[in-house]
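Welcome, and please have your viewer open and ready. We will take this tour one selection at a time.

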Amino acid sequence: MDDPIIRIDGVQKSFGSFTALNDIRFDIQRGEFFSLLGASGCGKTTLLRILAGIEQPTHGQLMIDGKPMAGVPANRRPTNMVFQSYAIFPHLTVRENIGYGLVYQNLTKAEARARTDEAIELVKLTGLDDRSAHQLSGGQRQRVALARALVCRPKVLLLDEPLSALDKKLREEMQQELRSLQRTVGITFVFVTHDQEEALTLSDRIAVMSGGRVLQIDTPEGLYERPNCLEVAEFVGTMNLFPATVQRMDGGQVIADGGALGTLVGRSPDRPVAPGEAILIAVRPEKIELSASGTTGPNRVAGRVASLSYLGDRSHFLVAVDGLAAPVAVYRSNSERATAAAGTEVWLSWSETDALVLHR
Amino acid sequence: MSSASARTGLSLLSPAFLVMAATLLAPVVALIVMSFWTQSGFEIDRTFTLANYARLVEPGEGTVWYGIRFPLAYPVPAVLMVKSLAMSLVATICVIGVAWPMAYFLAFRVTRYKAMWMILLTIPFWTSYLLRVFSWKIVLGFNGAINSGLQWLGLIKEPLEFLLYNPLAVMITLAHSWIAFSVLPIYVSLEKIDRTLLEAASDLGDSRWKRFRRITLPLSMPGTIAATLLVFIPTVGDYVTPTLVGGPGGTMIGSLVQQLFLRQDNAPLGAAISIVMMLIIAALVGLFLWLIGYRRIRRRIG
Amino acid sequence: MTRRFDPLLLYAVLFVLFLYGPMLLMPLFSLNDGNFATFPLKGFTLRHYGEMARNTSMMTALKNSLIVGLGVSVTATALALPAALALTRYRVPAGGAILSFMMLPLVVPSIVLAVGLLIVVLRLLGLPLSLWTVAAGHLMLCIPFGMTVLMSRLEGFDKSLEEASRDLGAGGWSTFRRVTLPLAAPGVISSLLLCFIISFDEFVISFFLTGTDNTLPVFLFSQLRFPNRLPGTLALGSLILVGSAVLVILAEVVRKRGVASDNPGDI
C-alpha cells in the first residue's frame, strides 16, 4: 500500500535563524488517526500549520492526496483545521460558523443547508443553531470547530491540541467521541498534542517530535514497549534506567555489567551495540516485581522502599538502590503493600524480555 | 511566503504612507530647506546660507529677562524659547501632580461606573481646544465670570486686572487643557499592576505608604513618563493659548513663528526658529529620558 | 463592610468640576439674557441662538467644517484601515520605523506642521489656499489617530480567526469581507467619529491653510475679537461642545461594546 494521503519529504522550516523543523520525512496513510506528540516548542504545531498551508516550508516537498502542495494556499487545500483556540467567529451564530466554508463548495442552498444540518447533528449541537460564540461552553465551542471543519468534507482533518482547553472529565469524554467520530467519517485525522496519554489513547500511529525532528514513528504499543531512544522512553510513560557496560551478545540478548547491580540482561535493540559500550537498561515500572527475599542472578537488584503511595487501583513504590541516583519506580497491586512497607529491604526483579537496551 | 507577505503588506501600507509623505515629510523637508534661504523684500533668496541660524545667536547688546541676561543682537527668539520652555515645564509639573491622584483613584478605587468616569475624562480632550481656551477668557477676563461674580457679591469694587493676559493665565489654561489627557496613560500603567504584587508587599511587611512608594510608584513610571512627554512636547509650541489669554506678557515661541510667517513675511527666519525649537525639544526629551534612566525602566517594567 | 469616606472620591469630584467648570460657563452665558458674559445672570433666553442661526457667514463656516470633517474622516479611515492591517497582519520591512514616522503628528507642535504645509502649498506647489489645503492638513493629523484606533482593534482579536477563514476556503478578499471587516467594524466607526471630531475642532492648521472659505473654528477665532458678537459666539461654541460630547460618547460606547462582545463567556 504505497498511496499515502500525506507525504512529507524533507520539510525544513526556519524563522529567521531559528530552525523550527529539520528534515522531516514520513507518510501518513489514508484513514489513519495520526498524532504528532511532543513538548511545547518541538515543532509539532508548525508542522500542522505547514500541512494546512498557513505556513510555507523553507525547504522540502509536501504531497497531499498525490498532489504537490507547493504554492497551494490554505483555501485551496483538501485539509481543514480545528484550531487550539477554536477560532469561532464571534460575529456569527453557530449555524453561520458551521456553514462558513460551504460557500466555496458550489452547492445549492438546499444542499448547503442539508450538509450543515447533518454536521450539527453529527456533533450533537442540535437546537443551538442560533447561539453566538460567546454563549457557548468550552466543549460546545470545540464541537462547533469540529463541525465547521468536517462539513467541508476535507481529505485530512488537522487538529491542533483541540482538547487542551477542556477540564479532565470533559477531555476524556471528548477523546472517546473524537475516536468514534473518526471511525464514522473515515477521514484521516492529524492530531497535535503534548499529552502522551491522550496520544496513546487515540492514535493508530504517533510521531514523537523533539527539537524540530521526528524521533520515532510507531503504534502506541510500539512506542511504549520499544522506544528507540532515551528521549522517547522518558517522554512516553515512566521508565527506570540502569547504567551498564556491554559484555557480550548472546542470541537476541545483551549481557551487560551493571557494576554494583550485578549482571543485567536485556533484549537486543534494532541498532547493534558493541562489547565495552556504555548503555542503559530500561525497564517499565509495572514490569518490575517485588519480593521480600531473593536469590542472586541476572536482573535482580536489592533496595529499600523509600516511599509508597496509594492510587486506588494500584500502588506506586519508590525503591532506593545503592549506586543509582534516582529511586526505582515500581507499580504493583495494592496487596503487595504488606510485603513492602516503607523502610523494608526488598528485591527487585524483572524478565530479560521486559528489559530494553538504550544507547547512552 | 515572507517576501509575498512583505509585498502585500507594503501595498496595503503605501496609500496611507504616500499621503503622510506628501503632507508630513514634504513639509518638514521644505521647512528645513527654507531655513537655509533668506527673505529679501518680497522675494526669497535661494542661495544656501546659515544666516537665519547665525542671526539667532549673533552677540549684541541684548536684554535682561527675569534676571537672566541674553547678550544677543536679536534676543526675542531666545527669550521666548526659554520662556516657553519654562511655562510648559511648570504647566507639565502641575498637570502630572494633579492628574496622578485622579488616575490612582480610577485604577484602584473605582469599581462601579468605571466606563462613566472614563467617558467623563475623555470628553474634554476631544472637544474643541479653541473653545476650552476661550472659556478661560470668559472666566478670567476683565468683564469675566470671576470679576463680575466677585463684584456682584460685593467682595471687590474694581475688576481685578491681574487675572488675564499674563504668563500665569497661560499656564493655568495650558494645564487645564491637557490635564484630562494625561490621566489616561498614568491610569493604564496603574491598572496593569498585578494586584497580587501589592498583597505580596503587604504580606512581606510593607505598610500601606511603604508599599505605595516601593511598588505602586515605580511600576507607574512608564505611564507617568509618557504623560509627562505628551503634555510637555506639544505645549512648548502652543499658539492658541498665549494668543487668547496671554496678552503681550504671555506670548510664547509659537506666536513668534506665526508672526514671522503671516505678518512680517519672513518665512525663512520662521522656519529656522521652528526647526531650532523642535531640536531643542527633542534634545531636552532625550536628556530627560537619559537622566531618569528610561531604558532601564523600560527593560524592567516593559 | 461599611463605606468609609474616601478623600480621593472628593478629589475626583473636584477634579471633574475643575475640568468642566470653565467649559460649562459657555452654555450658561449663551442662555443668559445679556450681552456680556457676566454675573449676575439676567434671565433665560434663546435669542442668541436665533441670532446665530441668522448669521449667514457663521452658517457657511459650519457647512464648510461639516464638508471637510466628513470628507477627511472617511478618507483618513479608508487609508488607515489597510495601513493598520499591513502593520498588524503582514511582515512589512521597517514597519516599526514607518509607524513611528506616521505617528509624528501626535508629538510635533501643530504650528510647525502648519507652517511646513504652508511652504509646500504656496512656494512648492504654488496652489491657492482653500478648503482642499485645509483638508490635506487634517488628513495628516487624522491618519495617525485612525491607525491607533484600528491597530488596537485589529490586535485585539485572535489571528487564528483569519487563518480559520483561509483554511475553510476563503481567499484574501473574502476573508477580509467576511471576518476582518465585521470584527474591525467598531474600530472603523470610532475612527470615523474621532477623525470627524479632530477635523471639526482643529484650529491651528486651518488658520494657516485656509483661504477665503473659513472653517468654523477659524470663523470663531475671528469673532472672539469683537465683544459685541460674544453672545452669538457663545451660542455657537455651546452647540459645538454639546455636539462633540455626543460624538465622543457614541464613539466610546461603540468601542466598549465591540471589546465586550469578544470576551467569550461574557454575555
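Two strands count as paired if DSSP finds at least two bridges between them, and strands themselves are DSSP runs of E at least two residues long, numbered from the N terminus. Keep in mind throughout that this is a predicted model.

**Stop 1: a hairpin in chain A.** Select residues 300-310 of chain A, which are strand β16(A), together with residues 315-320, strand β17(A). The two strands run antiparallel and are joined by six bridges. To see one pairing, pick V305(A): its bridge partner in β17(A) is V319(A). Now move to the hairpin's turn, where four residues lie between the strands. Which residue here takes a positive phi? It is G312(A), with a phi near 90°.

**Stop 2: another partner of β16(A).** Leave β16(A) selected and add residues 345-349 of chain A, strand β19(A). This pair is antiparallel as well, with five bridges. R300(A) is a good residue to click on, as its bridge partner in β19(A) is S349(A).

**Stop 3: β4(A) and its partners.** Select residues 6-15 of chain A, strand β1(A), and residues 59-64, strand β4(A). Five bridges hold this antiparallel pair, and I8(A) stands opposite L62(A) in β4(A). Next, add residues 67-68, strand β5(A), which pairs with β4(A) in the antiparallel sense over two bridges. Here M63(A) stands opposite P68(A). β4(A) and β5(A) form a hairpin with two residues between them. In its turn, look for D65(A), whose phi is positive at about 55°.

**Stop 4: chain C.** Now hide chain A and show chain C. How many helices and strands does chain C have? There are eleven helices and zero strands. The C-alpha trace of chain C spans about 70 × 70 × 30 Å along its principal axes. Chain C has 267 residues, and 51% of them count as buried. Among its contacts between residues at least 6 apart in sequence, 78% join residues at least 24 apart.

**Stop 5: where chains B and C meet.** Bring chain B into view next to chain C. In this interface, 68 residues of chain B are in contact with 68 residues of chain C. On the chain B side, select residues 2-35, helix α1 of chain B: this helix gives the largest share, 21 residues. Colour the side of chain B that touches chain C by class, and you will find 46 nonpolar, 19 polar and three charged residues.

Conventions. Residues are numbered from 1 along each chain as its sequence is written. Chains are lettered from A and ligands numbered from 1 in the order in which they are written. This is a predicted model: local features need pLDDT of at least 70, side-chain atom pairs count only at pLDDT 80 or more; totals for chains, interfaces and linings use all residues. A residue is buried if 20 or more other C-beta atoms lie within 10 Å of its own, exposed if 12 or fewer, and partly exposed in between; C-beta atoms are placed from the backbone. Two residues are in contact if their C-beta atoms, placed from the backbone, lie within 7 Å. Ala, Val, Leu, Ile, Met, Phe, Trp, Tyr, Cys and Pro count as nonpolar, Asp, Glu, Lys and Arg as charged, and the others, Gly among them, as polar.
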